[in-house]
Protein chains: 2
Amino acid sequence: MDRFVSNTTSRLDAKGRVSVPASFRSVLGRDGFDGLYCYPTLDQAAIDAGGHALLAEIDSLIGRFPPYSQEREELRVALYGRSATLKIDGEGRVMLTEELKSHAGIVDSVAFVGLGHKFQMWEPERFRAHLAKATATVRALTRRLGSHSPDSDPGARE
Amino acid sequence: MDRFVSNTTSRLDAKGRVSVPASFRSVLGRDGFDGLYCYPTLDQAAIDAGGHALLAEIDSLIGRFPPYSQEREELRVALYGRSATLKIDGEGRVMLTEELKSHAGIVDSVAFVGLGHKFQMWEPERFRAHLAKATATVRALTRRLGSHSPDSDPGARE
DNA sequence: TGGGTGTTTATGGGCGTCAATGGAAGCTGT
DNA sequence: ACAGCTTCCATTGACGCCCATAAACACCCA
């Protein structure tokens, strides 16, 4: 597998460290990035994280704007200026910065959510709410797409 | 990592010295530039800083204007003429010149902000305001680009 | 199919190293 | 000789790195 999938929750220990799920670490290893590149998700109370694939996405986003334009400079500040490269210790743990934690409302536990080329970290309760909302949106979407969705099985709730 | 990312704040000591963050120093070391190349940011109350990569950017910016044009000469003055190469002492500290400090409004503490190929130094409070503005702009931008999931809530619940 | 066993992951803590900071001593030019 | 820098040293506290235990899972074999 070469992308981040599934989601798990783990707790911060007394030193503020948290284990990155093993499956995510193996994707990062394949990506070749040393450490974990993170920044506050722009429009959500979450943290975006990944490796080279994520950096490439950021570069392409910035590259869409003309050099020296104000938009470009502000993107730089928002993306580079707020990001952090976290070190992953021998046991696969990272320490989140204060800024990242406060943006996501993370206190003592983190939900890791795979999104393909990157993953997100959420405060678990917020993620539950976010997921419920997203699920509702998706239901409406598939319904609108015509053919009733293949797996819209009632009763499949948390 | 080969670029400046993240942001940290540190204080000037009694002699006016300030520690450049270790991660920035390691990028500078890789860049090969001895010291820290600085100049007042043209359109902001901040200081631009970096090494060879920054010098290269300046050259390319100046090169966009026709030789001997007035714009070109004025850019030269603004970028070369106001710049300073600060020495980095054994402990990774620099001393800002009076001109740099007054341009950025820096008194007793400095926010270091990574922007990829260069970084900036801000008076911390001003940086907070600047970051808030940039973040707002970028949110609007990314929404317009549709680069994020359509997360608009049709039926907000919770 | 169930029990047992071995491997991998998660988690907790100890210790050494390095970064950040403060201060003192040596230079240099005026 | 003095002021302003620069270089050097000392302290503290955070963080990186290592080991030790425990829990989860997978695998194998009876």
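This note covers how two protein chains are related, how they meet, and how they contact two DNA strands.

1. Basis. The model is predicted, so local features need pLDDT of at least 70 and side-chain atom pairs count only at pLDDT 80 or more, while totals for chains, interfaces and linings use all residues. Residues are numbered from 1 along each chain as its sequence is written, chains are lettered from A and ligands numbered from 1 in the order in which they are written, and side-chain values use heavy atoms, with hydrogens and water left out.

2. Relation of the copies. Chain A superposes on chain B with an RMSD of 0.6 Å after a rotation of 25 degrees and a shift of 12 Å along the axis; the fit is by least squares on the C-alpha atoms of residues with pLDDT of at least 70 in both copies. The copies use different surfaces, as 16% of the contact residues of chain A recur in chain B. Contact here means heavy atoms within 4.5 Å.

3. Extent of the protein interface. Chain A contributes 31 residues to the contact and chain B contributes 36 residues. Together they bury about 3000 Å², of which 59% is on carbon and sulfur atoms; buried area is the accessible area (1.4 Å probe) that two parts lose on being put together, summed over both. On the side of chain A, the most area is lost by Leu42(A), Tyr68(A) and Glu74(A), together 21% of what that side buries.

4. Polar links across the interface. There are 2 salt bridges between chain A and chain B, a salt bridge being a side-chain nitrogen of Lys or Arg within 4 Å of a carboxyl oxygen of Asp or Glu. Glu74(A) and Lys133(B) form a salt bridge at 3.2 Å, N to O. Residue pairs in polar contact, both at pLDDT 80 or more, number 11. A polar contact is a pair of N or O atoms within 3.5 Å; within protein, one must be able to donate a hydrogen and the other to accept it, and residues adjacent in sequence count only if both atoms are side-chain atoms.

5. Make-up of the chain A side. The elements giving two or more residues to this side are helices H2 (52-63), H3 (70-79) and H5 (124-144) and strand S5 (84-86) of chain A. H3(A) gives the most, with 7 residues. Helices (H or I, at least four residues) and strands (E, at least two) are DSSP runs, numbered from the N terminus. By class, the side has 15 nonpolar, 7 polar and 9 charged residues. Ala, Val, Leu, Ile, Met, Phe, Trp, Tyr, Cys and Pro count as nonpolar, Asp, Glu, Lys and Arg as charged, and the others, Gly among them, as polar.

6. DNA strand C. This strand is surrounded by 22 residues, where near means a heavy atom within 4 Å. They divide into 6 nonpolar, 4 polar and 12 charged residues. Sugar or phosphate accounts for 39% of the strand C atoms within 4 Å of the protein. The side chain of Arg25(A) places an N or O atom 3.2 Å from a phosphate oxygen, and a polar side-chain atom of Arg93(B) lies 3.1 Å from a base nitrogen.

7. DNA strand D. The surface near this strand has 10 charged residues, no nonpolar and no polar ones. Among them are Glu91(A) and Glu91(B). Sugar and phosphate make up 12% of the strand D atoms within 4 Å of the protein. A polar side-chain atom of Lys15(B) is 2.8 Å from a base oxygen, and one of Arg93(B) is 3.4 Å from a base nitrogen of strand D.
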